[in-house]
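Let's take a walk through this protein together. Have the sequence and the 3D view ready, and follow along.

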Amino acid sequence: MSLGAAFEPAMQVALDLAATAPSWADVPVGAVVLDATGVLVSSAANERELRSDPTAHAEMLALRAAAEAIGSWRLSGATLVVTLEPCTMCAGAAVASRVARIVYGAHDPKAGAVGSLWDVVRDRRLNHRPEVLGGVRAAESTRLLEAFFAAHRRDT
């Protein structure tokens, strides 16, 4: 079994969260945090529109909830699983929280910060560099995003 296959169940949870976003609201992105043993600690979907908060990305919400659940900002050994490659803010938060691994679905050539446009998490100048595994269930993640943006183009 490939490493990516090991995270497919967690990615399914993230995909289910992403799919629950109202089609007129937030970009359909879901994220979960697994502890070092693979147990789900937290989950979230994008809520920028819902909260009127530019930082309410799924990753940020899931990382905050995980830190609260375990009682520490240090998420050592944890895995962040997200349907879309994290942006610079979310990649920075993953580094700051000391997650061991970032697993994502769809690549983001316009804003991706773990390899596509930037590579924030593997910058040798940083004191922590999580492992990155991209493309896990990418087709499903991409379909959700394409449907969302196609609907928004029709509405404008």
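Two cysteines, Cys90 and Cys87, are a good place to start. At 0% relative accessibility, Cys90 counts as buried, because buried means under 20% relative accessible area (exposed is over 50%, partly exposed in between, with a 1.4 Å probe and protein chains only). Cys87, at 15%, counts as buried too. So do they form a disulfide, meaning a pair of cysteine sulfur atoms within 2.5 Å? The structure holds zero disulfides, and the sulfur of Cys87 has its nearest cysteine sulfur, that of Cys90, 3.7 Å away.

A quick word on what you're looking at: this is a predicted model, where local features need pLDDT of at least 70, side-chain atom pairs count only at pLDDT 80 or more, and totals for chains, interfaces and linings use all residues. Residues are numbered from 1 along each chain as its sequence is written, and side-chain values use heavy atoms, leaving out hydrogens and water.Now for the sheet. Strands of a sheet pair through backbone hydrogen bonds, either parallel or antiparallel. Here, five strands make an open sheet in the order β2-β1-β3-β4-β5, with mixed pairing. (Strands are DSSP runs of E, at least two residues, and helices are runs of H or I, at least four, numbered from the N terminus; two strands pair if DSSP finds at least two bridges between them.) At the edges sit β2 (40-45) and β5 (131-133), each pairing on one side only. Strand β1 (residues 30-34) runs antiparallel to β2, joined by five bridges; Ala31 has Ala44 as its bridge partner in β2.

Finally, helix α2 (residues 8-19) packs on the sheet, touching β1, β2, β3 (79-84) and β4 (101-106), where contact means heavy atoms within 4.5 Å. The direction of α2 makes about 145 degrees with that of β1; axes are lines fitted to C-alpha atoms, for helices over the stretch in contact, and angles run from 0 to 180 degrees between N-to-C directions.

Terms used:
A disulfide is a pair of cysteine sulfur atoms within 2.5 Å.
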